Every structure is written in C-alpha cells, then in structure tokens.
Amino acid sequence: MIAEKKLSPQAAKGISLFTEVQQKLNLPGARAEDVLRDEDIKESLRQTMVATPTSLSARLLLRVTTGQFDKLSIDGTLYAIETMAPTIFTAVRSSVPNDLRKIPNAVAQEEVARLVAAKGQFDPRALSLLDAVINYGEAVRTYTERPADTPVENAARNRTLQLTAREVVGVLTKFKTTPHR
C-alpha cells in the first residue's frame with residue numbers, strides 16, 4: 001500500500017533512513033547489538049522517529065539502543081533458546097537422546113556457551129528451560145570427556161542423558177502450553 005501512494009517528503013525521508021539501518025543490520029556477519037551501539041545508527045533511528053513518528057520498528061530499535069529493552073519477552077526467550085541450541089533440541093526430541101553420534105560434545109558445549117552468554121537477556125520465567133538444556137549439555141560433556149569405567153557406570157550415564165532430555169522436552173512443553181502473559 002505504501003509503495004502505491006505518493007509519500008510526503010517526511011515519510012520518504014523516514015523510510016530511507018530506516019532502510020539504511022536495516023541494510024547495516026542485515027550485512028553478513030553483522031551483530032545487531034554491535035550495529036545498534038553505533039552512534040550513526042542511533043542518530044538515523046532518532047531522525048527516522050522525527051520524520052515518521054509512527055514507525056514502530058524504529059521506535060523499538062531506538063529503545064534497544066538506550067537499554068530500555070534489555071530482556072527478551074518470554075516468547076522471544078523460548079525462541080532464542082531453541083534457536084541457539086538446535087543440535088541439542090534435535091537430540092533431546094529424538095527417540096534416542098543418548099545416541100551421542102547425533103550430538104558431538106564440541107557442538108553441545110558451543111551451544112551451551114552461547115546460551116550461558118545470553119542468559120542476561122532471557123526472561124527469568126524461562127530459566128528453568130535454560131537450566132534443563134545446560135544440564136543436558138553437561139551430561140553430554142560428562143559422558144564423552146571421560147569413558148565410563150564399568151558397564152554399570154555407562155548404563156547410569158545413558159539414563160542420565162535420557163532423563164535430562166525428557167526434562168528439556170517436559171519444561172519446553174509446559175512453557176508452550178501455559179499462557180505467560
């Protein structure tokens with residue numbers, strides 16, 4: 001609809017400014033938090049708001065630059081946790097979450113490290129899911145970094161992997177079926 005209308009000079013300026021911000025955010029390898037710290041980007045967002053005060057995207061991004069939105073929503077947190085640990089979630093949802101051929105230790109630890117680094121931005125109501133995912137990653141690490149001394153220890157580790165996987169799935173299911181608003 002916007003493309004079909006003749007825009008006022010102010011609206012065209014606002015759209016142009018915001019397009020530049022979008023392009024910088026979408027550059028290969030660009031990290032949104034780094035881009036949004038840039039003073040030129042902040043100024044472009046301010047000018048976008050002056051030109052087009054109803055630009056919700058510019059308003060939200062500008063608030064992120066000032067620290068007004070430093071935490072994800074519960075839905076955003078759940079999405080982020082799943083997205084940041086795709087290999088772990090594939091493994092825990094499989095019929096054999098203790099089959100570590102599907103989840104190499106290095107991959108699991110990389111995913112856990114990303115989650116731990118982002119913990120401060122997560123909604124506190126989702127920390128039980130984060131903890132469950134981290135526990136599964138720790139079980140993977142324990143299982144793979146030191147071989148089991150006995151068949152009994154190996155069986156115990158397999159049970160731990162299966163139980164921690166069930167815990168992740170259970171907590172995730174609870175969050176997806178419980179309203180959090």
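Here are some notes on the structure above, which is a predicted model.

1. Start with the overall build. The protein chain has 9 helices and 0 strands. Read from the N terminus on, the elements go α-α-α-α-α-α-α-α-α.

2. Now the outline. The C-alpha trace of the protein chain spans about 75 × 35 × 30 Å along its principal axes. The radius of gyration of the protein chain is 22 Å, whereas a compact globule of 181 residues would come out near 16 Å.

3. What about inside and outside? Of the 181 residues in the protein chain, 38% count as buried. The protein chain exposes about 11000 Å², and carbon and sulfur atoms supply 58% of that area.

4. Next, contacts along the sequence. Take the contacts in the protein chain between residues at least 6 apart in sequence: 65% of them join residues at least 24 apart. Ala165, in the next point, gives you a concrete pair to look at, with 73 residues along the chain between it and Val92.

5. Look for Ala165 in helix H9 (residues 151-177). Is Ala165 buried or exposed? With a relative accessible area of 1%, Ala165 falls under the 20% cut-off, so it counts as buried. Setting aside residues up to four places away in sequence, Ala165 touches Val92, Pro97 and Tyr136. The C-alpha atoms of Ala165 and Val92 are separated by 4.6 Å.

6. Glu111 deserves a look too. You'll find Glu111 in helix H7 (residues 105-118). Glu111 is buried yet has no salt bridge. Which side chain of opposite charge is nearest to Glu111, and how far away is it? It is Arg114, at 4.2 Å. A salt bridge needs the nitrogen and oxygen within 4 Å, so the Arg114 side chain, 4.2 Å away, does not give Glu111 one.

7. Glu111 does have a polar partner, though. The side chains of Glu111 and Thr87 are joined by a polar contact of 2.7 Å. Thr87 is also one of the residues in contact with Glu111 once neighbours within four places in sequence are left aside; the others are Met84, Ala85, Pro86 and Ile88.

8. On to the charged pairs. How many salt bridges does a search of the whole structure find? The search turns up 14. One of the pairs to check is Asp34 with Arg31, whose side chains meet in a salt bridge at 3.0 Å, N to O. Asp34 counts as partly exposed at 37% relative accessibility, and Arg31 is partly exposed as well, with a relative accessible area of 47%.

9. Glu82 is worth following from partner to partner. The side chains of Glu82 and Arg93 meet in a salt bridge of 2.5 Å, N to O. That pair links distant parts of the chain, with Glu82 in helix H5 (residues 74-84) and Arg93 in helix H6 (residues 86-93), 11 residues apart. Glu82 counts as buried at 18% relative accessibility, while Arg93 counts as partly exposed at 48%.

10. Glu82 also forms a salt bridge with Lys176, where the closest N and O atoms are 3.2 Å apart. Glu82 lies in helix H5 and Lys176 in helix H9, so this pair ties together parts that are 94 residues apart in sequence. Lys176 counts as exposed, at 51% relative accessibility.

11. One last group to pick out in the viewer: Arg146, Asp149, Glu153 and Arg157 are linked in a network of salt bridges.

Note on methods: Residues are numbered from 1 along each chain as its sequence is written. This is a predicted model: local features need pLDDT of at least 70, side-chain atom pairs count only at pLDDT 80 or more; totals for chains, interfaces and linings use all residues. Side-chain values use heavy atoms; hydrogens and water are left out. Helices (H or I, at least four residues) and strands (E, at least two) are DSSP runs, numbered from the N terminus. Buried means under 20% relative accessible area, exposed over 50%, partly exposed in between (1.4 Å probe, protein chains only). Lys and Arg count as positive and Asp and Glu as negative; His and the chain ends are not counted. A polar contact is a pair of N or O atoms within 3.5 Å; within protein, one must be able to donate a hydrogen and the other to accept it, and residues adjacent in sequence count only if both atoms are side-chain atoms. Contact means heavy atoms within 4.5 Å. The radius of gyration is taken over C-alpha atoms; the globule rule is 2.2 Å times the number of residues to the power 0.38. Accessible areas come from the Shrake-Rupley method with a 1.4 Å probe; for residues, only the protein chains shown count as cover.
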